[in-house]
Amino acid sequence: MSGEEKVVCVTGASGYIASWLVKLLLQSGYTVKATVRDTKDLKKTEHLLALDGAKERLKLFKADLLDEGSFDSAVDGCQGVFHTASPVLMTASDPQSQLIDPAVKGTLNVLRSCAKVPSIKRVIITSSMASVMFNGKTLSPDVVIDETWFSDPISCEKLKLWYMLSKTLAEEAAWKFAEENDIDLVAINPGLVIGPLIEPTLGFSLETFLNLVKDAGTEVFPDGMCILVDVRDVANAHIQAFEIPAASGRYCIVAKVIHYFEVFKILHGLYPTFNLLEKCEDDKPLLPAYKISQDKAKSLGISFVPLEVTLRDTMESFKDYGFLTI
């Protein structure tokens, strides 16, 4: 790809995954047109403007997920669009307005803008394992979850899994629109994304992990599983999915399915003096792990960051930004 062709758009650029995506794109020589809700909000933009290459090749655009046409100028002239913007909440007083509308209508608004631009070769959407694995199937040790799995909207609604429902409906709408409008679409479906911070605020995934670590020092931890992946692998997967011509469909991006107990065991080895309890909430045997296929992820050339490195870098970021005293 020639220099003048390396122009891409990243929606929701101030977010955790998106910030890393912008950083890696700039490092690779791309010109990045980044959308944020308020270009004057330094809390959301300062960390982006400070990135290497930002002064020369980063342009900020104001856009709102629910405002049709607001992404037109940002995607105009691009060869690729990375749509990462979507609200992340696990509880919602009004799921329709807080989660479902921004996720579904927002995705369609971005795709409508993309459909107007002939230069766009491919659109990459940041989906989630939330739209993959909630289909009522029992997750036993012999189960291997892969890209053919889709979460069931009826089950999600019945169980009030509103975030899972929003991501499922948004991805379904994206595939339908892409097919009807001849858009080359790829979906990236990461698990719980952790790793080092670029921005000074915590998004949902890191806040969830931080609370887990904090609670582990004061109470028993739950008998459950984490599906973890490093933010650098997720950002890299987006770029590879754009750059590799043969990339298509969905990609589950999960480095490790691991029990909470195993996470705390690794953390205790890294930080022996940090207060981490090693007691599960009951004395039953630990839940056995199911598996999530990495075959498609590896076809993108993804070699996952070792979990110990991810956990250490996450904890060091928490310490550096004042979220945790170790």
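Q: How accessible is Arg-232, and is that buried, partly exposed or exposed?
A: Keep in mind that this is a predicted model. Buried needs under 20% relative accessible area and exposed needs over 50%. Arg-232 has a relative accessible area of 22%, so the label is partly exposed.

Q: Which residue does Arg-232 meet in a salt bridge at 2.7 Å, N to O?
A: Side chains of opposite charge can pair when their charged atoms come close. Here the partner counts as buried, at 1% relative accessibility. The side chain that Arg-232 meets belongs to Asp-230.

Q: Which residues are linked with Asp-230 in a network of salt bridges?
A: Start from the pair of Arg-232 and Asp-230, whose side chains meet in a salt bridge. The network they belong to also takes in two more residues, Arg-312 and Asp-313.

Q: About how many helical turns separate Glu-180 and Lys-176?
A: These two form a salt bridge, with the closest N and O atoms 2.8 Å apart. Glu-180 is exposed at 55%, and Lys-176 is exposed at 52%. Both sit in helix H7 (residues 162-180), and because they're four residues apart, the separation is about one helical turn.

Q: Which helix holds both Lys-319 and Glu-316?
A: Lys-319 and Glu-316 form a salt bridge, with 3.1 Å between the closest N and O atoms. They're three residues apart, about one turn, in helix H12.

Q: Which helix gives the largest share of the largest nonpolar core?
A: That core has 63 residues, and Val-10 and Val-22 are among those with the most contacts inside it. Val-10 touches Val-22, and also Leu-25 and Val-32. The largest share, nine residues, comes from helix H1.

How values were computed:
Residues are numbered from 1 along each chain as its sequence is written. This is a predicted model: local features need pLDDT of at least 70, side-chain atom pairs count only at pLDDT 80 or more; totals for chains, interfaces and linings use all residues. Side-chain values use heavy atoms; hydrogens and water are left out. A nonpolar core is a set of buried Ala, Val, Leu, Ile, Met, Phe, Trp, Tyr and Cys residues joined through side-chain atoms within 4.5 Å. Buried means under 20% relative accessible area, exposed over 50%, partly exposed in between (1.4 Å probe, protein chains only). Helices (H or I, at least four residues) and strands (E, at least two) are DSSP runs, numbered from the N terminus. Contact means heavy atoms within 4.5 Å. A salt bridge is a side-chain nitrogen of Lys or Arg within 4 Å of a carboxyl oxygen of Asp or Glu. Lists of a residue's contacts leave out its neighbours within four places in sequence.
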